[in-house]
Amino acid sequence: FDVYKAATADLANPTKITAVTPINTQVLNATFTAPIAFSPDGTKIAVVANFLSGGDNTAEPFVIAMDGSSTKRLAALTTQTNQDTEQLVWTDNATVFALGDIAEINVGALFKLDAAMEDQTPTLAVGMPTGGDLVNVFVVLPQ
């Protein structure tokens, strides 16, 4: 799957903003069970997808420019199965926080990612005690 945008006044004419090449005939898809997160300035979206891994159950964090100029995988997961990004939130136009078991299978935590950097090593922002999982995160932006 690719990601498209369309003006509400012209929904019949969407514009593709990603260009993804299939990997070894794998099905590529964005995981829209995780909400799309818009950057505060509206120029980018953060999505969870397997666009570059092609792996089943490999849900990685991506940032896509709304003008179609770039699709960046923020972090490559080390395992092709059972390691997932579950939620993405922006705190400013340059920072995305990712919730999931990104660094270690079945250990949910919150990670900080630079929205402009591809395939970076996520920075642990909030870890959990042994046996615990972080399951949701909210960001309240100043008005």
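How many bridges join E5 to strand E7 (residues 83–92)? Keep that in mind as you look around this predicted model, where local features need pLDDT of at least 70, side-chain atom pairs count only at pLDDT 80 or more, and totals for chains, interfaces and linings use all residues. Residues are numbered from 1 along each chain as its sequence is written, and side-chain values use heavy atoms, with hydrogens and water left out.

Start with the whole protein chain, which has 0 helices and 10 strands. Helices (H or I, at least four residues) and strands (E, at least two) are DSSP runs, numbered from the N terminus. Of the 143 residues, 39% are buried, meaning under 20% relative accessible area with a 1.4 Å probe, protein chains only.

Now select residues 58–65, strand E5. Here 8 of the 8 residues are buried, so the strand is largely enclosed by the rest of the structure. Show the side chains: Thr58, Glu60, Phe62 and Ile64 point one way, while Ala59, Pro61, Val63 and Ala65 point the other way.

Next, add the neighbours; two strands pair if DSSP finds at least two bridges between them.

- Residues 44–49: strand E4 pairs with E5 in the antiparallel sense over 6 bridges. Find Val48, whose bridge partner in E5 is Pro61.
- Residues 83–92: here is the answer to the opening question, since 2 bridges join E7 to E5, and the two run parallel. Ala59 stands opposite Asp84 in E7.
- Residues 71–73: strand E6 runs antiparallel to E5, joined by 3 bridges. Look for Phe62 opposite Arg73.

Finish at the hairpin of E5 and E6, with 5 residues between the strands; click on Gly68, which takes a positive phi near 80°.

How values were computed: Buried means under 20% relative accessible area, exposed over 50%, partly exposed in between (1.4 Å probe, protein chains only).
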